[in-house]
Amino acid sequence: MLSRLMSSSIRSLDRECNCTVRLLDDSEYTCTIQRDAKGQYLFDLICHHLNLLEKDYFGIRYVDPDKQRHWLEFSKSIAKQMKSQPPFTMCLRVKFYPPDPAALREEITRYLVFLQVKRDLYHGRLLCKTSDAALLAAYILQAEIGDYDPGKHPEGYSSKFQFFPKHSEKLERRIAEIHKTELIGQTPETSELNFLQKAQMLETYGVDPHPCKDVSGNPAFLAFTPFGFTVLQGNRRVHFLKWDEVTKLKFEAKTFHIYANQKEDKKIILTYFAPTPEACKHLWKCGVENQAFYKLEKSSQVRTVSSSNLFFKGSRFRYSGKVAKEVMEQSAKIKRDPPEIHRAGMVPSRSCPSITHGPRLTSVPRTRRRAVHISIMEGLESLRDSAHSTPVRSVSHGDSFMSSRGHMMDGSEASTSAVISDEAYSPSDSVLPTPVAEHGLEMPMARHLNGAPCSVDEEKESQAGVLMEGQAAEFRPGRRVMRTVKSRPSPPSDVEELNKFILSVLRLFLVTIGLLFALLLLLIMLTESDLDIAFLRDIRKTPEFQQFHFEYFCPLRRWFACKIRWMGGFLISK
């Protein structure tokens, strides 16, 4: 009896697993779930923990054993999606950025979106001019530490926080100046709202970059924003398609296609190549979900889409959530007292960490900056995985998937826009020196967080590296000027389209023949065999089958038998 009870308790433990979700403020929520629990159950637990009602903007992200990133599908089992053994580790992130953050109903929702956009700014996904960067960072300071107080905030206090991947002393002074003079009296709520309204006007607001290559082999980042589909190359947006213009998204293996109709019935096809088929499928699913969320009027209009237009080929996927318009309508019905918000305060989070500065790079002679920076970053774990969707891999100067992109120069100051870069970039294009080998090979960019190496979890959280602009004096006179190369994808040739059509027709023909053969076997079993199976017996007793058997099948069988006898006699006579 005791052994039976023990075995049942062990089985119940086997059906449970631990799950840890890192929230946007870098705190962790740990719970125990059933192995067959679906993603919706875990998401509801987190939203209840956060007292969050406007939850449709958020999602749960995880990384599979191959370092491929995914969004957790709420309609499927968690254990089957994770493809790894528990305990499971995931992250709560903004999945669909609100087109107008000011229109959000509750303050708790705005605060969580603020944390996400602040994280985007730090990890280099939100690119902006130097003047805009200073204002955004000042809003963050005001929201986290309040009004400037000479007694509490000594000279250089803004350098205790790193708002961007890299920035200069001049930018730090400008941040402190704005914080001291222009933002006095703003509450954290007001500063966060002003931050979001400023960020919303930037071209890269809501960008979740997917590294790819165009048909010419040039590196690019594809992204889906609240307003449409974006292609970024270097520090420029080379393509932008509104959601109303995008007609179809599809992929085959590593190839991703975007079909669109622009003005005057101008049809275009953009073609890009992802690093792996898994990354390409993730890119396609993200595009399908974003298009459905922002473009459709009702969730009832959502349709199952196929990754290919060939018969019986490709993946099928259907977005299962609400659309943006429905979310806004549902938010307008919320009537409750505003929930209490526990802000992080002065203690910086991983998305905005305090840093221990080594020697100021601007105070070191230009010829020694490279060596100084190597000594500072020595021994740190390199940031190897790409922006959001590429598996971790080693790269070199010859075969790096995304090579470096430089910054444009303009007079005495650097360009006003930053560069989304991937795993490695050329030091000659950088505003500040970057760790490089003496042989000139590019190395993955490293990052120092809180005076310690990046953790594995932070590496999973890592985004594409970005360099904020500095001053022109930090550039050599013979510095290369980056030229943005637009992708000029060519549509598939007529021969390729004809071959695909022929293969599709052949596949359909073979499947049709197979179905007819299966129906013929079933018909023979019903009419000629003596199998006494329940479902066959029930079919034989139906009036429709008996009418078919005597009026059609029996004459047809006699006709075939007559023809076979005639052919047999003819062959014998020959």
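**Figure 1. The left-handed crossing of helices α4 and α5.** In this predicted model, α4 and α5 cross with left-handed geometry. By class, the residues in the contact of α4 with α5 are five nonpolar and two charged, with no polar residue. Helix α4 covers residues 107-123 and helix α5 covers residues 130-145. Their axes lie 12 Å apart and make an angle of about 135 degrees. The two helices are therefore oblique to each other, as angles over 145 degrees would count as roughly antiparallel and those of 65 to 115 as roughly perpendicular.

**Figure 2. Residues at the contact of α4 with α5.** Helix α4 contributes F114, K118 and L121. On the side of α5, the residues met are L136, I140, A143 and E144. The charged residues in this contact number two: K118 from α4 and E144 from α5. The nonpolar residues number five, among them F114 in α4 and I140 in α5.

**Figure 3. R174 in helix α6.** R174 sits in α6, which spans residues 169-181. Is R174 buried, partly exposed or exposed? Its relative accessible area is 34%, so R174 counts as partly exposed; the limits for that class are 20% and 50%. Leaving aside residues up to four places away in sequence, R174 touches A134 and E182. The C-alpha atoms of R174 and A133 are 9.7 Å apart in space, although 41 residues separate R174 from A133 in sequence.

**Figure 4. Q301 in the loop between α8 and β13.** The loop that holds Q301 runs between helix α8 (277-295) and strand β13 (305-306). Q301 has a relative accessible area of 37% and is therefore partly exposed. Which residue, 22 places from Q301 along the chain, is shown with Q301? That residue is V323, and the C-alpha atoms of Q301 and V323 are separated by 9.7 Å.

**Figure 5. The whole chain, as context for the close-ups.** The chain holds 14 helices and 18 strands. Of its 574 residues, 48% count as buried. The chain exposes about 29500 Å², and 56% of this area is supplied by carbon and sulfur atoms. Among contacts between residues at least 6 apart in sequence, 66% join residues at least 24 apart.

How values were computed
Residues numbered from 1 in each chain as written. Predicted model: local features only at pLDDT ≥ 70, side-chain atom pairs only at ≥ 80, totals over all residues. Heavy atoms only, no water. Axes fitted to C-alpha atoms, helices over the stretch in contact; angles between N-to-C directions. Helix = DSSP H or I, 4+ residues; strand = E, 2+ residues; numbered from the N terminus. Parallel < 35°, antiparallel > 145°, perpendicular 65-115°, else oblique. Left-handed = near helix turned anticlockwise from the far one by under 90°. Contact = heavy atoms within 4.5 Å. Buried < 20%, exposed > 50% of the residue type's maximum accessible area, 1.4 Å probe, protein only. Areas by Shrake-Rupley, 256 points an atom, 1.4 Å probe, with all protein chains shown as cover.
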